[in-house]
Amino acid sequence: MINICKGTCIRFKAIGYKGRRRYEDGQKLCPVCTEFLTYAGIRCPCCSVKLRNTPRGNKSRKEIHEKRKCVWH
Ligand SMILES: [Zn+2]
Ligand SMILES: [Zn+2]
């Protein structure tokens, strides 16, 4: 299964935020399209890869989880 960017993501492309504020605003990163998308689904509407919705950094990741009150095992 190979996922490629088909260009559909341009319609969902998120603009106006920088850094981890993007994630707090519900924007998700597609690792294949390398674009932040404003999209409600779990998978990219363009390449159907799973979207990343948490920051990479440990600190900010912890913060956002606390904010969401969710426990990860
Ligand atoms: Zn794409
Ligand atoms: Zn994508």
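This report describes two zinc sites and one aromatic pair in a predicted model.

Local features are reported at pLDDT of at least 70 and side-chain atom pairs only at pLDDT 80 or more, while totals for chains, interfaces and linings use all residues. Residues are numbered from 1 along each chain as its sequence is written, chains are lettered from A and ligands numbered from 1 in the order in which they are written, and side-chain values use heavy atoms, with hydrogens and water left out.

**The zinc sites**

Donors are taken to be N, O and S atoms within 2.8 Å of the metal (3.2 Å for Na, K and Ca), and since water is not among the atoms, sites may look incomplete. The table sets out the donors of each ion.

| Ion | Donors | Distances | Spacing |
|---|---|---|---|
| zinc ion (ligand 1) | Cys5 (SG), Cys9 (SG), Cys33 (SG), Cys46 (SG) | 2.2 to 2.5 Å | C-x3-C-x23-C-x12-C |
| zinc ion (ligand 2) | Cys30 (SG), Cys33 (SG), Cys44 (SG), Cys47 (SG) | 2.2 to 2.3 Å | C-x2-C-x10-C-x2-C |

The arrangement around the zinc ion (ligand 1) is tetrahedral because its four donor atoms subtend angles of 102 to 116°, and that around the zinc ion (ligand 2) is tetrahedral because the angles there are 96 to 122°; four donors earn this term if all angles lie between 85 and 135 degrees. For four tetrahedral donors the ideal angle at a metal is 109.5 degrees.

The zinc ion (ligand 2) and the zinc ion (ligand 1) lie 3.9 Å apart and are bridged by Cys33. Cys30 in strand E1 and Cys44 in the loop between E2 and H2, 14 residues apart, form a pair that links distant parts of the chain, where helices (H or I, at least four residues) and strands (E, at least two) are DSSP runs numbered from the N terminus. Cys30 and Cys44 are both buried, a term that means under 20% relative accessible area, with exposed over 50% and partly exposed in between (1.4 Å probe, protein chains only). The bridging residue Cys33 counts as buried at 7% relative accessibility, and Cys46 is buried with a relative accessible area of 1%.

**The aromatic pair**

A search of the whole structure finds one aromatic pair. Phe12 and Tyr39 form this pair, which is edge-to-face, at 5.0 Å centre to centre and with 75° between the planes; rings of Phe, Tyr and Trp (its six-membered ring) pair if their centres lie within 6.5 Å, and planes under 30 degrees apart count as stacked, over 60 as edge-to-face and the rest as tilted. Phe12 is partly exposed, with a relative accessible area of 22%, and Tyr39 is likewise partly exposed, with 27%.

Key: Tetrahedral: all angles 85-135°; square planar, octahedral: opposite > 155°, others 65-115°.
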